[in-house]
Amino acid sequence: TIEDCRIIHLPKVQDPRGNLTFIEGKKHVPFDIKRAYYLYDVPGGAERGGHAHQQLEQLIIAMSGSFDVVLDDGHGQWRFHLNRSYYGLYISSMVWRELDNFSSGSVCMVLASTYYEESDYYRNYDEFIKAVRKIDNGSPVS
Ligand code: TYD
């Protein structure tokens with residue numbers, strides 16, 4: 001749920017030769033890391049995301065540059081600005097996300113708790129909201 005979504009401060013090893021950040025599954029993120037993917041060469045003004053997941057959990061990191069992530073759990077919306085490679089935004093399941101405001105040359109890295117599975121997606125906002133309302137009324141996620 002949205003209460004679990006938060007900025008996670010990742011370890012940063014400062015060094016005059018350049019800084020280093022590392023991420024271990026179940027330690028720095030609350031899930032085992034099954035998959036990584038990244039968005040890059042994003043043209044100015046583009047929007048990504050626009051979906052939610054039944055099960056998948058993710059950590060989103062601005063590896064380079066910056067962008068915004070808007071989270072929506074069907075009850076409220078929160079906008080996060082990511083611009084440091086040692087901050088990660090943890091997103092739980094059942095949270096709609098949209099990414100926008102990409103700076104030029106930005107790279108958005110995503111660590112995911114499961115393999116890619118299209119059937120885990122809600123790609124239609126109205127269907128997502130219907131599912132949220134069902135859960136609000138006591139039904140399990142389906
Ligand atoms: P999409 O979910 O629309 O990207 P975003 O949420 O970042 O805007 O995915 C774009 C395409 O890439 C879509 O056809 C599914 C495919 N895809 C994979 O094959 N594997 C993956 O791990 C991901 C994230 C996407």
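Start at H53 in this predicted model. H53 stands opposite Y121, a residue of β12. The two strands involved are β5 and β12. β12 is made of residues 121-122. Two bridges join β5 to β12, and the pair runs antiparallel.

β5 has another partner. Three bridges link β5 to β10, which covers residues 96-100. This pair runs antiparallel too. Here H51 stands opposite R97 of β10.

Now follow H51 to the ligand. Which residues surround the ligand? They are R35, Y37, L39, R48, G49, H51 and Y116. Two strands stand out in this shell. β4, residues 35-39, supplies at least two of its residues. β5, residues 48-53, also supplies at least two. Sort the shell by class and you get three nonpolar, two polar and two charged residues.

Step back to the whole chain. The protein has one helix and 12 strands. Read from the N terminus, the strands come in a row and the helix comes at the end. The protein has 142 residues, and 23% of them count as buried. The C-alpha trace spans about 55 × 35 × 25 Å along its principal axes. How does the radius of gyration fit a compact globule? For 142 residues, a compact globule would have a radius near 14 Å. The protein has 15 Å, so the two agree.

Contacts tell you how the chain folds back on itself. Take the contacts between residues at least 6 apart in sequence. Of these, 74% join residues at least 24 apart.

Next, look at the open sheet. It has five strands, in the order β1-β9-β6-β11-β4, and the pairing is antiparallel. β1, residues 6-9, and β4 are the edge strands. Each of them pairs on one side only. From one strand to the next, the twist averages 30°. At one edge, four bridges join β1 to β9, residues 87-91, and these strands run antiparallel. One residue to find there is R6, whose bridge partner in β9 is Y90. The other edge, β4, brings you back to the ligand, since this strand supplies at least two residues of the shell.

Move on to β7, which holds residues 67-72. Two of its residues are worth a visit. F67 lies in this strand, and so does V69. In a regular strand, side chains alternate between the two faces of the sheet.

Is F67 buried or exposed? The test is a count of other C-beta atoms within 10 Å, and 20 or more makes a residue buried. F67 has 23, so it is buried. Leave aside its neighbours within four places in sequence. F67 is then in contact with A62, L82, L99, D100, N101, F102, S103, S106 and C108. Another residue to check is N83. It is 16 residues from F67 along the chain, and their C-alpha atoms are separated by 6.8 Å.

V69 counts as buried because it has 22 C-beta neighbours inside 10 Å. Beyond four places in sequence, V69 is in contact with I60, F80, L82, L89, R97 and L99. L99 is 30 residues away along the chain, yet the C-alpha atoms of V69 and L99 are separated by 4.6 Å. L82 and L99 are also among the contacts of F67.

Finish with the loops. D41 sits in the loop between β4 and β5. D41 has 10 C-beta neighbours inside 10 Å, so it counts as exposed. The C-alpha atoms of D41 and G105 are 6.4 Å apart, although 64 residues separate them along the chain.

Two other loop residues have something unusual to check in the backbone. K26 is not a glycine, but its phi is positive, about 70°. K26 is found in the loop between β3, residues 20-21, and β4. With 9 C-beta neighbours inside 10 Å, K26 counts as exposed.

N101 is not a glycine either, and its phi is positive at about 65°. The loop that holds N101 runs between β10 and β11, residues 107-112. How exposed is N101? With 17 other C-beta atoms within 10 Å, N101 is partly exposed. N101 is also one of the contacts of F67.

Conventions: Residues numbered from 1 in each chain as written. Predicted model: local features only at pLDDT ≥ 70, side-chain atom pairs only at ≥ 80, totals over all residues. Near = placed C-beta within 6 Å. Nonpolar A, V, L, I, M, F, W, Y, C, P; charged D, E, K, R; others polar. Rg over C-alpha atoms; globule rule 2.2 N^0.38 Å. Buried ≥ 20, exposed ≤ 12 C-beta atoms within 10 Å, placed from the backbone. Contact = placed C-beta atoms within 7 Å. Pairing = 2+ DSSP bridges. Axes fitted to C-alpha atoms, helices over the stretch in contact; angles between N-to-C directions.
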